Every structure is written in structure tokens, then in C-alpha cells.
Amino acid sequence: MKSAILGCQRRFLPLMCGLLTLAATAQALAQDNFPSKPVRLVVPYPPGGIGDFVARLIAPKWGETLKQQIV
């Protein structure tokens with residue numbers, strides 16, 4: 001009896017893996033294009049510093065690449 005149960009489990013394992021993969025793929029395909037809102041760039045340094053300067057130089061290029069506004 002025990003071997004019959006193990007054989008049944010082994011037979012349905014590929015089917016269950018396939019269904020799980022299908023369910024995960026369907027959810028991923030239902031997602032909106034990322035990013036769907038303006039991207040907020042947070043710089044943890046005071047304004048006028050080197051971090052702020054670099055962020056202001058990089059933000060327009062990121063915006064072009066992502067095709068989204070960087071705030």
C-alpha cells in the first residue's frame with residue numbers, strides 16, 4: 001500500500017510543478033510596466049553637496065533610460 005502511494009505522488013509531481021510554474025508566470029505577466037509612476041530619487045546628503053550634485057547629473061540620464069520622470 002505504501003509503495004502505491006509513493007508511486008502516485010511521484011507521478012503527479014511533474015504535473016504539480018508545471019501548474020505552479022504556470023500560476024507564477026500568469027501573475028508576472030499581469031504586472032504593469034515598471035515603473036508606472038514617477039521615480040523618486042532620495043539623496044541622503046544635504047543640498048549643495050557632492051551627493052546632490054552627482055544625483056542631479058545622473059537623474060536626466062536615468063529618466064531617458066527608464067522613459068519615466070525622475071523627481
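Reader: How much area does the chain expose, and what supplies it?
Author: The chain exposes about 6,600 Å², of which carbon and sulfur atoms supply 66%; accessible areas come from the Shrake-Rupley method with a 1.4 Å probe, and for residues only the protein chains shown count as cover. This is a predicted model, in which local features need pLDDT of at least 70 and side-chain atom pairs count only at pLDDT 80 or more, while totals for chains, interfaces and linings use all residues. Residues are numbered from 1 along each chain as its sequence is written, and side-chain values use heavy atoms, with hydrogens and water left out.

Reader: What makes the pair Asp52 and Arg56 a salt bridge?
Author: A salt bridge requires a side-chain nitrogen of Lys or Arg within 4 Å of a carboxyl oxygen of Asp or Glu. The closest N and O atoms of Asp52 and Arg56 are 3.0 Å apart, so the pair meets that cut-off, and the structure holds one salt bridge.

Reader: Why is Asp52 called buried?
Author: Buried means under 20% relative accessible area, exposed over 50%, and partly exposed in between (1.4 Å probe, protein chains only). Asp52 has 15% relative accessibility and therefore counts as buried, whereas Arg56, at 61%, is exposed.

Reader: Where do Asp52 and Arg56 lie?
Author: Both lie in helix H2 (residues 50-66), four residues apart, about one turn of the helix; helices (H or I, at least four residues) and strands (E, at least two) are DSSP runs, numbered from the N terminus.
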